[in-house]
Amino acid sequence: MPLTNRSLEDPISSTRRTDQPLVTVVIICYNHGAYLAQSIQSALSQTMRDFEVVLVGDGSTDDTPQVAAHFAEVRYFRQANGGMAAARNAGLAQSRGKYVVFPDAADRPLPDAPAAGGRSLRAHPESASGVGPARAPHG
């Protein structure tokens, strides 16, 4: 799961606390409500606590809004179906974090994913993204 660095000035830290979250997890969803709760719960279970979760419902006609409503800590936005790129761009526009992670609704980032991506960025400061572990919904 790639962690995108919006600016390469600061290394990621699990202890940094400000009004602006360090990481924004942008989950996009088009009719993946069946997997969405697991994906959100996985995002909320990260070892690094300085983050926010933004969910973009990309014209879903399933139970995506109802699933999203169960998670008060998630900022949910709906839009007409525009495809993955448009949904990610909408999520990026709503994000407040210095770093942005883009798991899909069926992804389940492992608890150390953003922190691992941050370690990757620290080890390779010339990079624009780092990668952390995730598991497939059926694996």
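This briefing covers the fold, the cores, helix 1 and a few selected residues of one protein chain. The model is predicted. The protein chain has four helices and eight strands. Of its 139 residues, 43% count as buried. The largest nonpolar core holds 21 residues, and a second, separate core holds six.

**Overall fold**

- From the N terminus on, the elements run β-β-α-β-α-β-α-β-β-α-β-β.
- Take the contacts between residues at least 6 apart in sequence: 73% of them join residues at least 24 apart.
- The protein chain exposes about 6800 Å². Carbon and sulfur atoms supply 53% of that area.

**Nonpolar cores**

- Within the 21-residue core, the members that touch the most other members are Val23, Ile27, Leu36, Ile40, Val53 and Leu55.
- Several elements each supply at least two residues of this core: strand 2 (23-29), helix 1 (33-44), strand 3 (51-58), helix 2 (64-69) and strand 5 (99-101).
- The second core is separate from this one, and its six residues include Val26, Val54, Val56 and Val100.
- Val53 is in contact with Val25, Ile27, Ala43, Leu44, Glu73, Val74 and Arg75, leaving aside neighbours within four places in sequence. Among these partners, Ile27 is also one of the residues that touch the most other members of the largest core.

**Helix 1**

- The twelve residues of helix 1 should span 16 Å at 1.5 Å a residue. The end C-alpha atoms of helix 1 are 17 Å apart, which agrees.
- The buried residues of helix 1 are Gly33, Leu36, Ser39, Ile40, Ser42, Ala43 and Leu44.
- An α-helix has 3.6 residues a turn, so residues three or four places apart point the same way.
- The buried residues of helix 1 pack against strand 2, strand 3 and helix 2. They also pack against strand 4 (74-79) and strand 6 (108-109).

**Ser42, in helix 1**

- Ser42 lies in helix 1. Ser42 counts as buried because its relative accessible area is 10%, under the 20% cut-off.
- Beyond its neighbours within four places in sequence, Ser42 is in contact with Arg108, Pro109 and Leu110.
- Ser42 and Leu110 are 68 residues apart along the chain, yet their C-alpha atoms are separated by 6.8 Å.

**Thr47, after helix 1**

- Thr47 sits in the loop between helix 1 and strand 3. Its relative accessibility is 49%, so Thr47 counts as partly exposed.
- Leaving aside neighbours within four places in sequence, the contacts of Thr47 are Pro111, Asp112 and Ala115.
- The C-alpha atoms of Thr47 and Ala115 are separated by 7.6 Å, with these positions 68 residues apart along the chain.

**Asn31, before helix 1**

- Asn31 lies in the loop between strand 2 and helix 1.
- Most residues other than glycine have a negative phi. Phi of Asn31 is near 55°, a positive value in a residue other than glycine.
- Asn31 is partly exposed, with a relative accessible area of 30%.

**Ala106 and Gly118**

- Ala106 is placed in the loop between strand 5 and strand 6. With a relative accessible area of 16%, Ala106 is buried.
- Ala106 and Gln38 are 68 residues apart in sequence, and their C-alpha atoms are 7.9 Å apart in space.
- Gly118 is found in helix 4 (residues 113-123). At 0% relative accessibility, Gly118 counts as buried.
- Gly118 and Tyr99 are 19 residues apart in sequence, with a C-alpha to C-alpha distance of 9.0 Å.

**Aromatic rings**

- The whole structure contains zero aromatic pairs.
- The ring of Tyr99 has the charged end of Lys98 sitting over it. That charged end is 5.7 Å from the ring centre.

Methods. Residues are numbered from 1 along each chain as its sequence is written. This is a predicted model: local features need pLDDT of at least 70, side-chain atom pairs count only at pLDDT 80 or more; totals for chains, interfaces and linings use all residues. Side-chain values use heavy atoms; hydrogens and water are left out. A nonpolar core is a set of buried Ala, Val, Leu, Ile, Met, Phe, Trp, Tyr and Cys residues joined through side-chain atoms within 4.5 Å. Buried means under 20% relative accessible area, exposed over 50%, partly exposed in between (1.4 Å probe, protein chains only). Contact means heavy atoms within 4.5 Å. Accessible areas come from the Shrake-Rupley method with a 1.4 Å probe; for residues, only the protein chains shown count as cover. The expected span of a helix is 1.5 Å times one less than its number of residues. Rings of Phe, Tyr and Trp (its six-membered ring) pair if their centres lie within 6.5 Å; planes under 30 degrees apart count as stacked, over 60 as edge-to-face and the rest as tilted. A charge sits over a ring if NZ of Lys or CZ of Arg is within 6 Å of the ring centre and within 35 degrees of the ring normal.
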